[in-house]
Amino acid sequence: MPRTAKKNQKAKPVKNVINKAVKKRKDKFSRLRGMKDVLFDEQKYWDLVVRKANDLSCFYGFKKIQTPILEKLELYERSTGKVTDIVSKEMYSFIDKSGEKIALRPEATPGLVRSYIEHGMFSLPQPVKMFWMGPLFRHEKPQSGRYRQHTQFDLEIFGEASPIADAQLILIAYNFFSELQINVQIHINSVGCKECRKTYLEKLIEFYKERGKRSKFCNDCKKRFATNPLRLLDCKEESCQEVREDAPQLVDYLCDDCRDHFIKVLEYLDELDIPYNLNSFLVRGLDYYTRTVFEVISLEEMEEKGVSQKRQISLGGGGRYDDLVEYMGGQPTPGCGFGIGLERVILKIKEKNIPIKGDGGDFIFLAQLGEQSRRKMFLLFEEMRRAGFNVRQAFTKDSLKAQLEEADRLGTKYTLILGQKELLDGTIIIRDMESGIQEVIDYKKIYTELNKRIEERKNIDK
RNA sequence: GUGGCUAUAGUUCAACGGUUAGAACGCCGGGUUGUGGUCCCGGUGAUGAGGGUUCGAUUCCCUCUAGCCACCCCA
């Protein structure tokens, strides 16, 4: 193929003109901003992370569920919240051919709540514990660890009001990271229930109404004051943080039930020796949270202009949403869950050079010379595969050299070579790829000879 | 969405405004018409797009696009 392409290019008189035309076409079809191809070498990280998520979920009794990428726009407007950034600024939405407003899923929980309600899962034995994994879409400005399509691993527990559910989710998240050897901090807070949050918000607004305080707000906070005053708390602007210093704290205004719930969650975590940081300013950007909210943060030291700086990146987060199911039209059902961003997890694993076991099987490569032996090897390959051997081939290649090169790239242990001569003699060559030693054996003894060598190798490894 | 930095072969990097834009790795071919991983030789392949300044731009300026970083937000 490349050969003809080369010829064609050389045949044309003005190479540059063609290159430009080809390049324009290439640019035209380039991938969209913030989207990512996961290439061959990265797959091992995905395998690792996905396996870990699968194992943990299964172990703690979560059942796998899948939901559509497309949902009605209103689902997110109602659940995630119209005023949240995710819905108001970042959602991919469009009107489909039937005139329906559609959104590409920006968040996992709403779809799972919808599914819970739609399939009458309240009549299943409670709690219903869901394990979900899939792509999410948000139209943000991309940077490292931030894509417009990213993948989350998500666990949800429906129908369980006990604080042990909250604690168990945090435990699983903690295990996930520590078993992948990623250092994280868990930040935790309680945002209370409808009632206690109401009284708190009154106090907070009262506090901010005092003279001069609002003038220090950043532009965003001026808006937030009207739309979502709770979010004033986690603004990162310095001036806003200064004002915040003496602001009333949510924890002090929790009702008895909410305080009790929060304390129990912390006690369970203490019991398990899970480290956490109480962060009274932690308020998550989704409307539906009640009581427990938490975030998993990775701290990293950065060298910038000779000064070491600390940067934190959120790897996951979640919380309780006791009113959401009812609010979305279902039976009153408590719930809680969390999500973890897998691209960021993989980024961390790569950064830290955490070693990953290769799939290092003992490959056996089948090399052939000539049409006759190619046919025979074509068949032998299938026989050996069914017999349980880890076989590889490059039957499209003609030269032995090219085939051995391929075998080498794959990390083959033994190569079987069949040429015209061996075909006539009823023999075959076994080549040990490490030593280069070759032996001509009876074709019929392939299996016994191979097994013998594999056994010997095992003994040496021991 | 706001601000800063960047853009050269598939990849990582070179090139005082001036010959044919270099190298390493990769890939393809040859040395070996039946032998890989070492070695030797050869080939392949790039200035993100558009405009401007200039006799002349990879180099200077502008716009766009993309990437990175910070903010916002979030995973």
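Start with chain A coloured by secondary structure: the chain has 17 helices and 16 strands. Keep in mind that this is a predicted model.

**Whole chain**

Zoom out until all of chain A is in view. Its C-alpha atoms fill a box of roughly 95 × 65 × 60 Å along the principal axes. The radius of gyration of chain A is 30 Å, whereas a compact globule of 462 residues would have one near 23 Å. If you colour by burial, 30% of the 462 residues count as buried. Among contacts in chain A with a separation of 6 or more, 69% are between residues 24 or more positions apart.

**Two domains**

Next, select residues 40–193 together with 255–351, and give them one colour; this is domain 1. Give residues 364–461 a second colour for domain 2. How far apart are the centres of domain 1 and domain 2? Taken over C-alpha atoms, 50 Å separate them.

**Helix α3 against helix α7**

Now select residues 43–59, which form helix α3, and residues 163–179, which form helix α7. The two axes come within 10 Å and cross at roughly 145°. The crossing of α3 past α7 is right-handed. Show side chains for Lys52, Ala53 and Leu56 in α3, then for Ile172, Asn175, Phe176 and Glu179 in α7; these are the residues that meet. By type, the residues of this contact are 4 nonpolar, 1 polar and 2 charged.

**Helix α3 against helix α13**

Keep α3 displayed, hide α7 and add residues 342–351, helix α13. The axes of α3 and α13 lie 10 Å apart, and the helices pack at an angle of about 115°. Here too, α3 makes a right-handed crossing, this time past α13. Which residues make the contact? On α3 they are Tyr45, Trp46 and Val49, and on α13 they are Leu342, Val345, Ile346, Ile349 and Lys350. The residues of this contact divide into 7 nonpolar, no polar and 1 charged.

**Along α13 and past its end**

Stay on α13 and select its buried residues: Leu342, Glu343, Arg344, Val345, Ile346 and Lys348. Leu342, Val345 and Ile346 are buried and also take part in the contact with α3. The buried set includes Glu343, Arg344 and Lys348 as well.

Finish by stepping off the helix to asparagine 353, just after α13. Its phi is positive, about 55°.

Technical notes:
Residues are numbered from 1 along each chain as its sequence is written. Chains are lettered from A and ligands numbered from 1 in the order in which they are written. This is a predicted model: local features need pLDDT of at least 70, side-chain atom pairs count only at pLDDT 80 or more; totals for chains, interfaces and linings use all residues. Helices (H or I, at least four residues) and strands (E, at least two) are DSSP runs, numbered from the N terminus. The radius of gyration is taken over C-alpha atoms; the globule rule is 2.2 Å times the number of residues to the power 0.38. A residue is buried if 20 or more other C-beta atoms lie within 10 Å of its own, exposed if 12 or fewer, and partly exposed in between; C-beta atoms are placed from the backbone. Two residues are in contact if their C-beta atoms, placed from the backbone, lie within 7 Å. Domain bounds come from an automatic or database domain assignment. Axes are lines fitted to C-alpha atoms, for helices over the stretch in contact, and angles run from 0 to 180 degrees between N-to-C directions. A crossing is left-handed if the near helix is turned anticlockwise from the far one by less than a right angle, and right-handed if clockwise. Ala, Val, Leu, Ile, Met, Phe, Trp, Tyr, Cys and Pro count as nonpolar, Asp, Glu, Lys and Arg as charged, and the others, Gly among them, as polar.
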